[in-house]
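I opened my notebook to look up how charged side chains pair up in this model. Here is what I wrote down, entry by entry.

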Amino acid sequence: MTLVRCWAVGIVVLVLTEYVQMTLIHDPLAGPDGVGSFGAALALVHLPNLVCVVLATWAAARVHPEPWREMPVRHLAAACAVPAAAQVLLLALRPDVLDLAGAAFWMSTGVLLAGCAVGLLLDRLVWTS
């Protein structure tokens with residue numbers, strides 16, 4: 001039951017932050033045509049997504065209670081399952097991103113890994129202080 005609570009918090013935070021990102025950053029600045037350059041994609045898509053993943057991971061990790069948070073595999077599953085599931089959902093809904101030669105796949109995977117790592121690091125820093 002503790003994992004479900006962590007995942008629920010992660011889902012809520014991820015959905016809310018992605019909604020804010022889409023309405024305040026992506027739609028007004030990138031528009032329906034998307035971005036034209038790598039720098040614009042990095043600034044308007046990937047860095048805001050990184051913030052969303054960090055916040056969702058951190059929120060899910062923060063509600064993971066003792067004594068389970070001291071079990072590394074269980075804590076990792078509690079904190080990172082929602083962003084990982086969102087990545088799988090993105091790949092299922094947008095097969096054009098599945099191109100392994102394309103930058104979009106590798107950037108979104110890098111955002112996922114970096115966001116989970118930073119979210120877990122923030123949790124560890126706040127938890128120990």
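Entry one: I looked for salt bridges (a side-chain nitrogen of Lys or Arg within 4 Å of a carboxyl oxygen of Asp or Glu) and found that the structure holds three. The model is predicted, so I kept in mind that local features need pLDDT of at least 70, side-chain atom pairs count only at pLDDT 80 or more, and totals for chains, interfaces and linings use all residues. Residues are numbered from 1 along each chain as its sequence is written, and side-chain values use heavy atoms, with hydrogens and water left out.

Entry two: I checked arginine 62, which pairs with aspartate 123 at 3.6 Å between the closest N and O atoms. Arginine 62 sits in helix H2 (residues 38–62) and aspartate 123 in helix H4 (residues 103–128), 61 residues apart. Helices here are DSSP runs of H or I, at least four residues, numbered from the N terminus.

Entry three: Which residue meets aspartate 123 at 2.5 Å, N to O? I found arginine 69, in the loop between H2 and helix H3 (72–93). Arg62, Arg69 and Asp123 are thus linked in a network of salt bridges.

Entry four: I asked whether aspartate 123 is buried or exposed. Aspartate 123 is buried at 1% relative accessible area, and arginine 69 is buried at 1% too, while arginine 62 is partly exposed at 32%. Buried means under 20%, exposed over 50%, partly exposed in between (1.4 Å probe, protein chains only).

Entry five: I noted glutamate 70 with arginine 124, 4.0 Å between the closest N and O atoms. Glutamate 70 lies in the loop between H2 and H3 and arginine 124 in helix H4, so this pair ties together parts 54 residues apart in sequence.

Methods:
Helix = DSSP H or I, 4+ residues; strand = E, 2+ residues; numbered from the N terminus.
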